[in-house]
Amino acid sequence: MSRLHGITVILVDETNAGEDPFGQPVVEKTEIPIENVLVAPASTDDVTAELSLTGKKIVYELAIPKGDIHDWTNKTVKFFGKKWKTVGIPQEGIEDLIPLDWNKKVMVECYE
């Protein structure tokens, strides 16, 4: 039996890099590779609930590895050759009480 492992997902982080001459904020985007992220299709119940609550159609659920300190709220992610947008606040469990390598999950909708 092979060991369970995930794929590398690119998290696009945005930071404020100052203002342009018109006083508008300038956003700098940084692509951060996150390794060992599990990607699974969202369940029918999750898709229906999120669609009725927010109007967003989630497609996948990502399991984020333990020890990750990045902000996953309303971020763009890239995997499978497409761009995705995270939906909602990631759910996080206590690392020591969860077996395996993942303790956080976040849902994504298609962005392209």
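**Entry 1: Lys75 and its surroundings.** For this notebook I take a polar contact to be a pair of N or O atoms within 3.5 Å, where, within protein, one must be able to donate a hydrogen and the other to accept it. With that in hand I went to Lys75 in this predicted model, and I found that its side chain is joined to that of Asp13 by a polar contact of 3.0 Å. I then looked up where Lys75 sits in the chain, and it belongs to the loop between S3 and S4. Is Lys75 buried or exposed? I noted a relative accessibility of 11%, and because buried means under 20%, Lys75 counts as buried. Leaving out residues up to four places away in sequence, I listed what Lys75 touches: Leu11, Val12, Asp13 and Glu14 on the one hand, and Trp84, Lys85 and Thr86 on the other.

**Entry 2: The order of the strands.** I next traced the sheet, and I found six strands that close into a barrel in the order S1-S2-S3-S6-S5-S4, with antiparallel pairing. Neighbouring strands of this sheet are turned by 45° against each other on average, when direction is ignored. I went through the pairs with their bridges and one partner for several of them:

- S1 and S4 are antiparallel and pair over three bridges, and I noted Thr76 in S4 as the bridge partner of Val12.
- S2 and S3 run antiparallel and are joined by four bridges, with Glu61 in S3 as the bridge partner of Ala40.
- S3 and S6 pair over seven bridges, again in the antiparallel sense, and here Ile64 stands opposite Lys104 in S6.
- S5 and S6 run antiparallel with six bridges between them, and Val108 in S6 is the bridge partner of Thr86.
- S4 is joined by four bridges to S5, which spans residues 82-92, and these two run antiparallel.

**Entry 3: The S4-S5 hairpin.** I stayed with the last of these pairs, since S4 and S5 form a hairpin with two residues between them. I recorded Lys82 in S5 as the bridge partner of Phe79, and in the turn I found Phe80 with a positive phi of about 55°.

**Entry 4: Aromatic rings at the hairpin.** How many aromatic pairs does the model hold? I counted five, taking rings to pair if their centres lie within 6.5 Å. For Phe79 and Phe80 I read a distance of 5.1 Å between ring centres and an angle of 70° between planes, so I entered this pair as edge-to-face. For Phe79 and Trp84 the centres are likewise given as 5.1 Å apart, but the planes stand at 15°, so I entered this pair as stacked. Ring pairs link Tyr60, Phe79, Phe80 and Trp84 into a cluster. I checked burial as well, and both Phe79 and Trp84 are buried, with a relative accessible area of 4% for Phe79.

**Entry 5: The nonpolar cores.** Which residues have the most contacts inside the largest nonpolar core? I found that this core has 13 residues, and that Leu62, Trp72, Val77 and Phe79 are the ones with the most contacts inside it. I then asked which strands supply this core, and S1 (7-19), S2 (25-41), S3 (58-65), S4 (76-79) and S6 (102-110) each give at least two residues. The largest share, three residues, comes from S2. Apart from this core I noted another, of five residues, among them Ala42, Val47, Ile58 and Val87. Returning to Phe79, and leaving aside its neighbours within four places in sequence, I listed its contacts as Ile7, Val9, Val39, Tyr60, Leu62, Trp84 and Val108.

**Entry 6: Positive phi elsewhere.** Finally I looked up two further backbone values. Asn36, which lies in strand S2, has a phi near 65°, a positive value in a residue other than glycine. Leu100, placed in the loop between S5 and S6, has a phi near 70°, which is also positive in a residue other than glycine. Is Leu100 buried or exposed? I found a relative accessible area of 56%, and because exposed means over 50%, I entered Leu100 as exposed.

Key
Residues are numbered from 1 along each chain as its sequence is written. This is a predicted model: local features need pLDDT of at least 70, side-chain atom pairs count only at pLDDT 80 or more; totals for chains, interfaces and linings use all residues. Side-chain values use heavy atoms; hydrogens and water are left out. Rings of Phe, Tyr and Trp (its six-membered ring) pair if their centres lie within 6.5 Å; planes under 30 degrees apart count as stacked, over 60 as edge-to-face and the rest as tilted. Buried means under 20% relative accessible area, exposed over 50%, partly exposed in between (1.4 Å probe, protein chains only). A nonpolar core is a set of buried Ala, Val, Leu, Ile, Met, Phe, Trp, Tyr and Cys residues joined through side-chain atoms within 4.5 Å. Contact means heavy atoms within 4.5 Å. Two strands pair if DSSP finds at least two bridges between them. Axes are lines fitted to C-alpha atoms, for helices over the stretch in contact, and angles run from 0 to 180 degrees between N-to-C directions.
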